[in-house]
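Colleague: Thanks for making time to go through this model with me. Could we take the charged pairs to begin with, and the packing afterwards?

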Amino acid sequence: MFEKLVEIIRNYVDVEPESIRPESRFIEDLGLTSFDFMSMLGELEEDLDIEVDAKSAAEIRTVQDAVNYLETL
């Protein structure tokens with residue numbers, strides 16, 4: 001799941017894959033805007049055929065938070 005998430009993150013920000021770590025924060029460390037973050041979640045929903053709960057999405061801060069959440073779906 002982590003590798004898939006890294007692929008999708010790179011669609012929104014110009015960073016090297018090795019600079020994306022589990023503890024990386026989407027906005028503060030990777031430079032996503034809140035719009036980018038929501039767009040990324042939408043892409044994940046389509047690619048993985050899942051539905052991300054808005055309340056849960058608001059609690060996702062790091063790449064690992066996202067991985068943990070996605071693995072529960």
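Colleague: Is Asp29 buried, partly exposed or exposed?

Modeller: Happy to help, and please keep in mind that this is a predicted model. Asp29 has a relative accessibility of 40%. Buried would need under 20% and exposed over 50%, so Asp29 counts as partly exposed.

Colleague: Which residue does the side chain of Asp29 meet in a salt bridge?

Modeller: In general, side chains of opposite charge can pair when their charged atoms come close. Here the N to O distance is 3.0 Å, and the cut-off for a salt bridge is 4 Å. The partner is itself partly exposed, at 37% relative accessibility. The residue that meets Asp29 is Arg25.

Colleague: How many salt bridges does a search of the whole structure find?

Modeller: One of them is the pair of Arg25 and Asp29. Another joins the side chains of Asp47 and Lys4, at 3.6 Å from N to O. The search of the whole structure gives a total of 2.

Colleague: How many residues apart in sequence are the parts that Asp47 and Lys4 tie together?

Modeller: Asp47 is partly exposed, with a relative accessible area of 41%, and Lys4 is also partly exposed, at 29%. Asp47 belongs to helix 2 (residues 34–48), while Lys4 sits in helix 1 (residues 2–9). The pair therefore ties together parts whose separation in sequence is 43 residues.

Colleague: Now to the packing: which helix gives the most residues to the largest nonpolar core?

Modeller: This core has 22 residues, and those touching the most other members are Leu5, Ile9, Phe26, Leu32, Met40 and Val63. The elements that supply two or more residues are helix 1, helix 2 and helix 4 (63–72). With 5 residues, the top contributor is helix 4.

Colleague: Which residues of helix 1 does Phe26 contact?

Modeller: Leaving aside neighbours within four places in sequence, the contacts of Phe26 include Leu32, Phe37, Met40, Val63 and Ala66. Also among them are two residues that fall within helix 1, residues 2–9. Those two are Leu5 and Ile9.

Colleague: Are helix 1 and helix 4 parallel, perpendicular or oblique to each other?

Modeller: Their axes come within 10 Å and cross at roughly 125°, in a right-handed crossing. Phe2, Leu5 and Ile9 of helix 1 make the contact with Val63, Ala66 and Val67 of helix 4. Roughly perpendicular covers 65 to 115 degrees, and roughly antiparallel starts over 145, so helix 1 and helix 4 are oblique.

Key: Residues numbered from 1 in each chain as written. Predicted model: local features only at pLDDT ≥ 70, side-chain atom pairs only at ≥ 80, totals over all residues. Heavy atoms only, no water. Helix = DSSP H or I, 4+ residues; strand = E, 2+ residues; numbered from the N terminus. Buried < 20%, exposed > 50% of the residue type's maximum accessible area, 1.4 Å probe, protein only. Core = buried A, V, L, I, M, F, W, Y, C linked by side-chain atoms within 4.5 Å. Contact = heavy atoms within 4.5 Å. Axes fitted to C-alpha atoms, helices over the stretch in contact; angles between N-to-C directions. Parallel < 35°, antiparallel > 145°, perpendicular 65-115°, else oblique. Left-handed = near helix turned anticlockwise from the far one by under 90°.
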